[in-house]
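Grab a pencil and keep the viewer open while you work. Each exercise below gives you a task, then walks through a solution.

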Amino acid sequence: MVTLLKLGGSILTDPARLFSFEKGTAIRLAREIRQSGQVPVIVHGTGRAGKAFARHYSGAGRTTREWLIFQLTTGAIGRLGEDLGRVLRDEGVPHCLMPANGLLHRRGGELGWHSPGVLPHLLDCGIAPVLCGDVLAEGRTRFGIVSSDEIVSLAAATMTVRSCVFVTNVDGLLDPAGRLLTEIDAAPLPQARDSDRAD
């Protein structure tokens, strides 16, 4: 049974500062992960690091033909991952950073794993896989955004999950008026707009 841990980009980066990293928050979270005694699959959002260049993507389908945007965005996201990785290492959390292009593909609009056995293998070895929202090479001169929420959804649908924990900068799930929902039933929730995504 797997624990999925989603760290929102809004808690790892400062929305007012480009390419920032909230090290103090990351240290606290890493200590809590270590103290939990669990080996989770960690998926983190990218906040401003991911959006700095990706804002140039077209709105329709969130794709671009510009390989330079792909290169700049994956580089910025990689640096954020390295910052988080150093904190996890220093706080005693065995982990492995997993770039999206090595794990994921999108074919016919559907997100899937290149090799789904990699994550369970790392977990069996006591290593927490660390994934994040990123830009996927989807074809020749076609690059598309994959959000951290999409990755969590795929993991939840394809692995045997014990729990899924979302760490965000809000108190919980809010209704359209901004009020905290204290109870959720099986009815479908409204689809989030792209602008609502914390990634």
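## Exercise 1: Around a strand pairing

Ala-137 sits opposite Phe-143, a residue of β9. Keep in mind that the model you are looking at is a predicted one.

**Task.** Work out the order of the strands in the open sheet of three strands that includes β9.

**Solution.**
- Start with β8 (residues 134-139): this strand pairs with β9 over five bridges, in the antiparallel sense.
- Now look for another partner. Strand β3 (residues 63-64) is joined to β9 by two bridges, and this pairing is antiparallel too. Here Thr-64 has Phe-143 as its bridge partner in β9.
- Put the pieces together and you get the order β3-β9-β8. That leaves β3 and β8 as the edge strands, each pairing on one side only.
- One more detail: β8 and β9 form a hairpin with two residues between the strands, and Thr-141 in that hairpin has a positive phi near 55 degrees.

## Exercise 2: A strand and its surroundings

**Task.** Decide whether strand β9 (residues 142-146) is largely enclosed or largely open.

**Solution.**
- Count the buried residues, meaning those under 20% relative accessible area. In β9, four of the five residues pass, so the strand is largely enclosed by the rest of the structure.
- Phe-143 is buried, and so is Phe-70.

## Exercise 3: The aromatic pair

**Task.** Find out how the rings of Phe-70 and Phe-143 are arranged, and which parts they tie together.

**Solution.**
- The count of aromatic pairs comes to one.
- Check the geometry: the ring centres of Phe-70 and Phe-143 are 4.7 Å apart and the planes meet at 20 degrees, so this pair is stacked. The angle cut-off for that label is under 30 degrees.
- Then place the two residues. Phe-70 belongs to helix α4 (residues 67-90) and Phe-143 to strand β9, so the pair links parts that are 73 residues apart in sequence.

## Exercise 4: Into the nonpolar core

**Task.** Trace which elements build the largest nonpolar core, then follow Leu-131 and Ile-151 to their contacts.

**Solution.**
- The largest nonpolar core has 21 residues, and those touching the most other members are Val-41, Leu-103, Leu-104, Trp-113, Leu-119, Leu-131 and Met-159.
- At least two residues each come from β1 (2-7), β2 (41-44), α5 (100-103), β6 (110-113), α6 (118-124) and α7 (148-158). Helix α7 gives the most, with four residues.
- Click on Leu-131. Setting aside residues up to four places away in sequence, Leu-131 touches several residues, including Val-41, Ile-42, Val-43, Trp-113 and Ile-151.
- Move on to Ile-151, which is found in helix α7. At 0% relative accessibility, Ile-151 counts as buried. Beyond its neighbours within four places in sequence, its contacts include Val-43, Leu-104, Cys-132 and Val-146.
- For a distance check, go from Ile-151 to Ala-100: they are 51 residues apart in sequence, and 9.1 Å apart from C-alpha to C-alpha.

## Exercise 5: The cysteines

**Task.** Say how many disulfides the structure holds, and whether Cys-132 is buried or exposed.

**Solution.**
- Recall the idea: a disulfide is a covalent bond between the sulfur atoms of two cysteines. The count in this structure is zero.
- Cys-132 has a relative accessible area of 9%, so this residue is buried. Cys-164, at 34% relative accessibility, counts as partly exposed.

Key
Residues are numbered from 1 along each chain as its sequence is written. This is a predicted model: local features need pLDDT of at least 70, side-chain atom pairs count only at pLDDT 80 or more; totals for chains, interfaces and linings use all residues. Side-chain values use heavy atoms; hydrogens and water are left out. A disulfide is a pair of cysteine sulfur atoms within 2.5 Å. Buried means under 20% relative accessible area, exposed over 50%, partly exposed in between (1.4 Å probe, protein chains only). A nonpolar core is a set of buried Ala, Val, Leu, Ile, Met, Phe, Trp, Tyr and Cys residues joined through side-chain atoms within 4.5 Å. Contact means heavy atoms within 4.5 Å. Two strands pair if DSSP finds at least two bridges between them. Rings of Phe, Tyr and Trp (its six-membered ring) pair if their centres lie within 6.5 Å; planes under 30 degrees apart count as stacked, over 60 as edge-to-face and the rest as tilted.
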